[in-house]
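Biologist: Could we look through this chain together, one step at a time?

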Amino acid sequence: MDGPALPIVPVSAIEHYEYCPRQCALIHVDGIWAENPHTVRGRRAHRRVDDHSQSRAERGKQVLRAVPLWSERYGLSGRADVVEVLEDGTIRPVEHKSGVRHGITADLQVCAQAICLEEMLDTSIPGAAIWYGGPRRRFQVELTSELRRMTLQTVGEIRQQLVDGVIPGAPNDARCTQCQLRHHCLPEVSANSERMAAYLLRVLPA
């Protein structure tokens, strides 16, 4: 390929980008991370699926945990919480979430996992699933052409963000109250141009 190599998009960045493009850039462009009760709860809920030694046969299917993923074609890299191999050979990624369902963010994430697996295993994956720890229920996801298009569009937008290296503006809305990067983002300041100018005059040397 001519020209510089384009950056690899982490599958996990899809969740961050769908929640807030600014959060995604702070994490994946600036390398900022912080914990809050939501991230700690999610990490604790993932302890089992993050342990590949817990892979085993369960109820007539092989359950693989913490499976590395990649796609050369779409420049993706990540890890699947669970990949199920059914008796007929069907492959099904299963994303685990500690809370409840919010929109289609997890659908896009598990779709990206399926896209990686299809390339890695030279197979077709018609469906996936998401396990929500809040209601303790599994939600089935049909991997339609529209969902795939939306997933790849999101991947492209994240890659452009990585190439540009520009941090988007803060939305300063209800999402900010739950964001673990609130104190790094300073949404009340950064979303207001006058307050931002005053802040920069205070913190930057003359």
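**Charged pairs and strands**

Modeller: At 40% relative accessibility, Glu146 counts as partly exposed, where buried means under 20% relative accessible area, exposed over 50% and partly exposed in between, with a 1.4 Å probe and protein chains only. This is a predicted model, in which local features need pLDDT of at least 70 and side-chain atom pairs count only at pLDDT 80 or more, while totals for chains, interfaces and linings use all residues. Residues are numbered from 1 along each chain as its sequence is written, and side-chain values use heavy atoms, with hydrogens and water left out.

Biologist: With which residue does the side chain of Glu146 meet in a salt bridge?

Modeller: A salt bridge is a side-chain nitrogen of Lys or Arg within 4 Å of a carboxyl oxygen of Asp or Glu. The partner lies 3 residues apart from Glu146 in helix H5, so about one helical turn separates the two, helices being DSSP runs of H or I with at least four residues and strands runs of E with at least two, numbered from the N terminus. At 2.7 Å, N to O, the side chain that meets Glu146 is that of Arg149.

Biologist: Is Glu118, which forms a salt bridge with Arg148, buried or exposed?

Modeller: The side chains of Glu118 and Arg148 meet at 2.8 Å, N to O. The pair links distant parts of the chain, with Glu118 in helix H4 and Arg148 in helix H5, 30 residues apart. Because its relative accessibility is 15%, Glu118 counts as buried.
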